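Got the model loaded and a selection box ready? Let's take a walk through it, one pick at a time.

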Amino acid sequence: MIEWFLNPAQWHGSEGIPNLLAQHLEYSFISLFIAALIGLPAGLYVGHTGKGTFLIAGLANATRALPSLGLIVLLVILVGPYFKTDLAYLVPSIAVLVLIAVPPIMMGAYSGIASVDPAAVDAARGMGYRPLALLLTVEFPCALPLIFSGFRSAALQVISTATIAAYVSLGGLGRLIIDGRAQNDYMQMAAGAVLVGVLALIVDLFFGLASRIAVSPGLTRRTVKGVAIRRQLANEKQRNS
C-alpha cells in the first residue's frame, strides 16, 4: 500500500487522489448543506415549541434503518431514465446522503433546544423576549454543543457512506475501493479505505475545533476548570513558599 501511495501516477489526472478527494468532498458538502437546510430548522422548531416530538423521533429512527446501497441503486433505476448526464447517478446519491444526514442534524438541534435550562428561558420571557428572539439569542447559543454534535455525526456518516456512490459510476474515494475490487488490486482497495478513514478523522477534528471556538466557554465549563486549576496552582505555590 505504501508503494501504491508513492507512485506518482496516483497523484495526477482524473483518477488521481486529489481529484477523487475533491469529488468526495463535493458530494459530502452538498449533502450536508441540503440536510442542514431541512434538519436544522425542523429540529429548532420542534425543540422550541415541543410540537412534533414523536414525529421527528420516528422519522429519525426510520431513516437510520434505510439500506443505503440498495436505495441508491433503486433510485438510479427509477430516476436515471429522466436524465441524460451524470445527474442520473448524482441526484439519487445526493438524495440518499441527505436522508442519512438529516436525522442526526435534526435530533441534535432538537435535543440542544430541549436541554436549555428552563430558568434561563423563563428569565428571558420575563424580560419581554419574543419567541423568535428567545430562540435565536438564548436557546440557540445554549444549544450549540449538541447542534455541533449532530453536525459532527452527520458529517462522519456522509463521508463514510459517500464511498458507495462509486458503485453507481460516480467519482470520489470510493472509486479506489470499487475499481480495486474489480481488478483484484488489494493495495488500491486498502489505500482507498485508509484515505476515507483519514478524511473522516480530519473532518471530526475540524468540527471539534469549530465547536470549541464557537461555543461559549461557560457552556463547556472550560472557564470553571481554568479557574479551579489556577487556584490549585496558587495554593500549592503558597504552601511551598
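Is F140 buried, partly exposed or exposed? F140 is partly exposed, with a relative accessible area of 24%; buried means under 20% relative accessible area, exposed over 50%, and partly exposed in between, using a 1.4 Å probe and protein chains only.

Before going on, some housekeeping. This is a predicted model, so to speak of local features needs pLDDT of at least 70, side-chain atom pairs count only at pLDDT 80 or more, and totals for chains, interfaces and linings use all residues. Residues are numbered from 1 along each chain as its sequence is written, and side-chain values use heavy atoms, with hydrogens and water left out.

**Stop 1: around F140**

Stay on F140, which lies in helix α7; helices here are DSSP runs of H or I with at least four residues, numbered from the N terminus. Show its contacts, meaning heavy atoms within 4.5 Å. Leaving aside neighbours within four places in sequence, you should find L44, I113, L135 and I147. Now put a distance on F140 and G112: 28 residues separate them in sequence, but C-alpha to C-alpha they are 7.8 Å apart.

**Stop 2: α2 against α7**

Select α2 (17-49) and α7 (131-161) together. The two pack at an angle of about 145°, with their axes 10 Å apart. Those axes are lines fitted to C-alpha atoms over the stretch in contact, and the angle runs from 0 to 180 degrees between N-to-C directions. Look down on the crossing and you have a right-handed one, the label used if the near helix is turned clockwise from the far one by less than a right angle.

For sticks on the α2 side, pick H24, S28, S31, L32, A36, L40, L44 and H48. On the α7 side, the contact residues include P131, L134, F140, I147, F151 and A155. Colour the contact by class and you get 14 nonpolar, four polar and one charged residues. In this scheme Ala, Val, Leu, Ile, Met, Phe, Trp, Tyr, Cys and Pro are nonpolar, Asp, Glu, Lys and Arg are charged, and the others, Gly among them, are polar.

**Stop 3: the cores**

Next, select L40, I147, F151 and L173. Of the 48 residues in the largest nonpolar core, these touch the most other members. A nonpolar core is a set of buried Ala, Val, Leu, Ile, Met, Phe, Trp, Tyr and Cys residues joined through side-chain atoms within 4.5 Å. Elements giving two or more residues to this core are α1, α2, α3, α5, α7 and α9, and α5 gives the most, with eleven residues.

Zoom in on F151: beyond its neighbours within four places in sequence, F151 is in contact with A36, L40, I105 and F207. Then jump to a second, separate core of six residues, which includes L71, I72, V96 and I100.

**Stop 4: T161 and L156**

Back to α7, where T161 is found. T161 is buried, with a relative accessible area of 14%. A polar atom of the T161 side chain lies 2.7 Å from the backbone oxygen of Q157. Outside the four-place window in sequence, T161 is in contact with S68, L97 and I100.

L156 is also found in helix α7, but L156 is partly exposed at 27%. Its contacts, not counting residues up to four places away in sequence, are A200 and D204.

**Stop 5: α8 and what follows**

From T161, draw a C-alpha line to G174: they are 13 residues apart in sequence and 9.1 Å apart in space. G174 sits in helix α8 (residues 174-182) and counts as buried, because its relative accessibility is 1%. Its contacts, again leaving aside neighbours within four places in sequence, are H24, T163 and A166.

Now show the buried residues of α8, namely G174, R175, L176 and G180. What covers them includes α1, α2 and α9.

Step on to N184, in the loop between α8 and α9. N184 has a positive phi of about 55° although it is not a glycine, and it counts as partly exposed at 47% relative accessibility.

**Last stop: the two ends of α6**

Finally, select α6 (residues 118-126). At its start, a side-chain oxygen of D117 reaches to within 3.1 Å of the backbone nitrogen of A119. After α6 comes G128, with a positive phi near 95°.

Technical notes:
Polar contact = N/O pair within 3.5 Å; in protein donor to acceptor, adjacent residues only side chain to side chain.
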